[in-house]
Amino acid sequence: MAFTPNLIQPDQIQSPQDLFNFCRDELIIGVKKSKHPFHLCTLCTVMDGRPFARTVVSRGVNPNLTQCRIHSDKRSQKNNHIMQSPNVALVYYSPIQKLQVRVEGIAQMVSNTNDADYFFDTSSPHSQLCYAFPKPPGTVIEEKTKERRYPDISIHDIDAHRDHARKNFSAIFITIQSMDALWLSKSEHIRMHGQCINNAWDLKFIIA
Ligand SMILES: Cc1cc2nc3c(=O)[nH]c(=O)nc-3n(C[C@H](O)[C@H](O)[C@H](O)COP(=O)(O)O)c2cc1C
């Protein structure tokens, strides 16, 4: 999908709410537009006091920026981490817009089967296939790739593997508790911090 970045001028940011609104709108665009830099983010989890970071696709952001969604294999490390400790952080960076958004929140696997079915069913066949392999992500293999290890599992017969893939699929909601946005504008750097309490945002400019 084509992507034309929305660019802002410093005088468009008069209040923390202006910067918040811009970030929120761009994050929502990033879910749908695969070329938008906010289509990807870095998800950080914690295990035994150690941080772990990896790239994931941004699958959902709600209109008030209080919840976002990612998809993952139930058997993955990140899911194990989240079950041990639900505290996560996400970082989005758009180089073309010179905009960084960081959020912190509480992650939870989507337990409603209908919702999870919907998220799985509306994923592309290629995305669904990622979950169809019998061994968990991270398992050592002799071959170079899982496709070589399991040649019978291919996009051509995704229908035969969809049920198994669905069993390994998980959608994860992150309830956002705080956000930090930094816009490196040419003339000045503008940074804000937001705290979300009872679904309402308290927003402040802070030193960049
Ligand atoms: C561009 C890109 C997008 C990715 N998107 C996802 C994703 O949406 N979900 C996911 O579980 N892994 C995704 N991955 C793979 C993860 O970065 C990671 O390698 C994998 O999930 C295993 O991580 P874990 O062992 O920490 O769970 C993506 C990787 C890249 C490079």
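**Strands, cores and a ligand shell in a predicted model**

Ser94 stands opposite Leu99 in strand β6. This pair belongs to a predicted model. Ser94 lies on the covered face of β5. β5 and β6 are antiparallel partners, joined over eight bridges. The two strands form a hairpin with four residues between them. Within that turn, Lys98 has a positive phi of about 50°.

Leu99 itself is part of β6. Leu99 counts as buried because 25 C-beta neighbours lie inside 10 Å, and the cut-off for burial is 20 or more. Beyond its neighbours within four places in sequence, Leu99 is in contact with Cys23, Glu26, Ser94 and Trp183. Ser94 is thus both the residue opposite Leu99 and one of its contacts.

The protein as a whole has six helices and nine strands. Its C-alpha atoms fill a box of roughly 55 × 40 × 35 Å along the principal axes. Of the 208 residues, 26% are buried. Among contacts with a separation of 6 or more, 64% are between residues 24 or more positions apart.

Strand β5 also pairs on the β1 side. β1 and β5 are antiparallel and share three bridges. Here Cys44 stands opposite Ala89 in β5. The two faces of β5 can be told apart. Val88, Leu90, Tyr92 and Ser94 make up the covered face. Asn87, Ala89, Val91 and Tyr93 make up the uncovered face. Side chains in a regular strand alternate between the two faces of the sheet. Ala89, the residue opposite Cys44, is therefore to be sought on the uncovered face.

Leu90, on the covered face of β5, leads into the interior. The largest nonpolar core has 30 residues. Leu90, Val101 and Ile174 have the most contacts inside this core. Two or more core residues come from each of α1 (16-32), β1 (40-47), β4, β5 (87-94), β6 (99-109), β7 and β8 (189-197). The largest share, eight residues, comes from β7. Apart from this core lies another, of seven residues. Its members include Phe120, Tyr131, Phe133 and Phe169. The contacts of Leu90 can be listed in full, leaving out residues up to four places away in sequence. Leu90 touches Cys41, Thr42, Leu43, Cys68, Val103 and Ile174.

Cys68, one of the residues touched by Leu90, belongs to β4, where Cys68 is the bridge partner of Val61. Strand β3 (residues 60-61) pairs with β4 in the antiparallel sense, over two bridges. These strands form a hairpin with five residues between them. β4 also runs antiparallel to strand β7 (residues 169-184), with seven bridges joining them. In this pairing, Asp73 stands opposite Phe169 in β7. Phe169 is also one of the residues of the seven-residue core.

Most residues other than glycine have a negative phi. Two loop residues depart from this pattern. Leu65, in the loop between β3 and β4, has a positive phi near 55°. Asp48, in the loop between β1 and β2, has a positive phi of about 50°. Their surroundings were also examined. Leu65 counts as buried because 21 C-beta neighbours lie inside 10 Å. Asp48 is exposed because 7 other C-beta atoms lie within 10 Å, and the cut-off for exposure is 12 or fewer. Leu65 and Leu99 are 34 residues apart along the chain, and their C-alpha atoms are separated by 16 Å.

A ligand is surrounded by 15 residues. The closest are Arg54, Val57, Ser76, Gln77 and Lys78. The shell divides into six nonpolar, six polar and three charged residues. β2 (50-57), β4 (67-73) and α2 (77-84) each supply at least two of its residues. The largest share, five residues, comes from β2. β4 thus contributes to the ligand shell and also gives residues to the largest nonpolar core.

Key
Residues numbered from 1 in each chain as written. Predicted model: local features only at pLDDT ≥ 70, side-chain atom pairs only at ≥ 80, totals over all residues. Contact = placed C-beta atoms within 7 Å. Near = placed C-beta within 6 Å. Nonpolar A, V, L, I, M, F, W, Y, C, P; charged D, E, K, R; others polar. Pairing = 2+ DSSP bridges. Core = buried A, V, L, I, M, F, W, Y, C linked by C-beta atoms within 7 Å.
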